[in-house]
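Student: Could you walk me through this one before I start on my own notes? I'd like the overall picture, and then some local detail.

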Amino acid sequence: MELITDPDDERIADYRALTDVELRTRWEPPHGLFIAEGELVLRRALRAGYRARSYLLDAKRVEQLGDLAGGGAPVYAASQEILAKATGFHVHRGVLASFHRKALPGADEVLDGARRVAILEDVNNHTNLGAVFRGAAALGIDGVLLSPSCADPLYRRSVRVSMGEVFAVPYATLAPWPAALDRVRSAGFTVLAMTPAADAVPMQDLDKTDRARPALLLGAEGPGLSRKAIDGSDKRVVIPMRRGVDSLNVAAAAAVAFWELGRDDAPAAAPPQAEDTAD
């Protein structure tokens, strides 16, 4: 363990200004890294085969995480004051790690062997993106395809909100957009566009053919799906609303739709409850 006493120490450059989305977007993907926050997320990344580049811990938590020192990556420790100055926020979990990214699979690789997939267009809110991945992992979605303008699933907040489930669900970029929706259809999927349009089919009324290999297409919060994306789908679908509400948050809508598409599956055994929670 190496003690850090200067927030500008170059050994912890990976963790600098973690709240600056623009800076992190310029720094993390080009350097082939991402940041994990919290012990649960960190350990899920390790189990998923991601290679740690370094760890940065609250000095008070070093003894609790002593096993990390044997993993080949340097372990840095600092006071909460130094952590806050370096990262730009109060690291209340006291655990950060920098990981090397893996090469992303191609869209065809994600589709191959999948039964149900989600396709996201222009989802740029990191909280929503992380919540969609968590729902996908929990509710039987085998892969996620992203339009080129979607946010980075490995951005720190997305990873944290997903509780590390972003590591469990294969994902890839689907391009060119939206013409590549034809590739999804050619792979045997029915592309279902979620929209509040008046002619959309209620989710619960989908027939067995539509449910056999669905690719659920969801748009960003507010604007929803583009006209070209909707035109590239096979069918428009909707979650019926009450009290005049026209739509749900995209992550909430995704979770409801994921459950509906998989409601006839045999339930899986519930895993032990995680102690950590996303905020």
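Tutor: Let me fix one term before we begin: a residue is called buried when its relative accessible area is under 20%, and exposed when that area is over 50%. Please also keep in mind that this is a predicted model.

Student: OK, so what percentage of the residues count as buried?

Tutor: In the protein chain, which has 279 residues, 47% count as buried. The accessible surface comes to about 13,400 Å², and carbon and sulfur atoms hold 51% of that surface.

Student: How many helices and strands are there?

Tutor: The protein chain has 10 helices and 12 strands. Its radius of gyration is 20 Å, close to the 19 Å that the globule rule gives for 279 residues, so the chain is as compact as a globular protein of that length. Along the principal axes, the C-alpha atoms fill a box of roughly 60 × 40 × 40 Å.

Student: And what share of the contacts is between residues 24 or more positions apart?

Tutor: Among contacts with a separation of 6 or more, such pairs account for 76%.

Student: Switching to charges, how many side chains are positive and how many negative?

Tutor: There are 33 positive and 38 negative side chains, and the centres of the two sets lie 2 Å apart.

Student: Let's go local, then. Which residues of α3 are buried?

Tutor: Helix α3 covers residues 80–87, and its buried residues are Ile 82, Leu 83, Ala 86 and Thr 87. Seen down the axis of α3, these buried residues fall within an arc of 110 degrees, so they line one face of the helix. On the other side of α3, Glu 81 and Lys 85 are exposed.

Student: What covers the buried residues of α3?

Tutor: The cover includes three strands, namely β3 (52–58), β4 (75–78) and β5 (95–100).

Student: What phi does Gly 88 take, just after α3?

Tutor: Gly 88 takes a positive phi of about 95 degrees.

Student: Another glycine, then: where is Gly 32?

Tutor: Gly 32 is in the loop between α1 (21–31) and β2 (33–37), and with a relative accessible area of 23% it is partly exposed.

Student: Which residues is Gly 32 in contact with, leaving aside its neighbours within four places in sequence?

Tutor: Gly 32 is then in contact with Phe 99, His 100 and Arg 101. Gly 32 and Asp 234, by comparison, are 202 residues apart in sequence, and their C-alpha atoms are 37 Å apart in space.

Terms used
Residues are numbered from 1 along each chain as its sequence is written. This is a predicted model: local features need pLDDT of at least 70, side-chain atom pairs count only at pLDDT 80 or more; totals for chains, interfaces and linings use all residues. Side-chain values use heavy atoms; hydrogens and water are left out. Helices (H or I, at least four residues) and strands (E, at least two) are DSSP runs, numbered from the N terminus. The radius of gyration is taken over C-alpha atoms; the globule rule is 2.2 Å times the number of residues to the power 0.38. Buried means under 20% relative accessible area, exposed over 50%, partly exposed in between (1.4 Å probe, protein chains only). Contact means heavy atoms within 4.5 Å. Accessible areas come from the Shrake-Rupley method with a 1.4 Å probe; for residues, only the protein chains shown count as cover. Lys and Arg count as positive and Asp and Glu as negative; His and the chain ends are not counted. The place of a charge is taken as NZ of Lys, CZ of Arg, CG of Asp or CD of Glu. The arc is that of the directions from the helix axis to the C-beta atoms.
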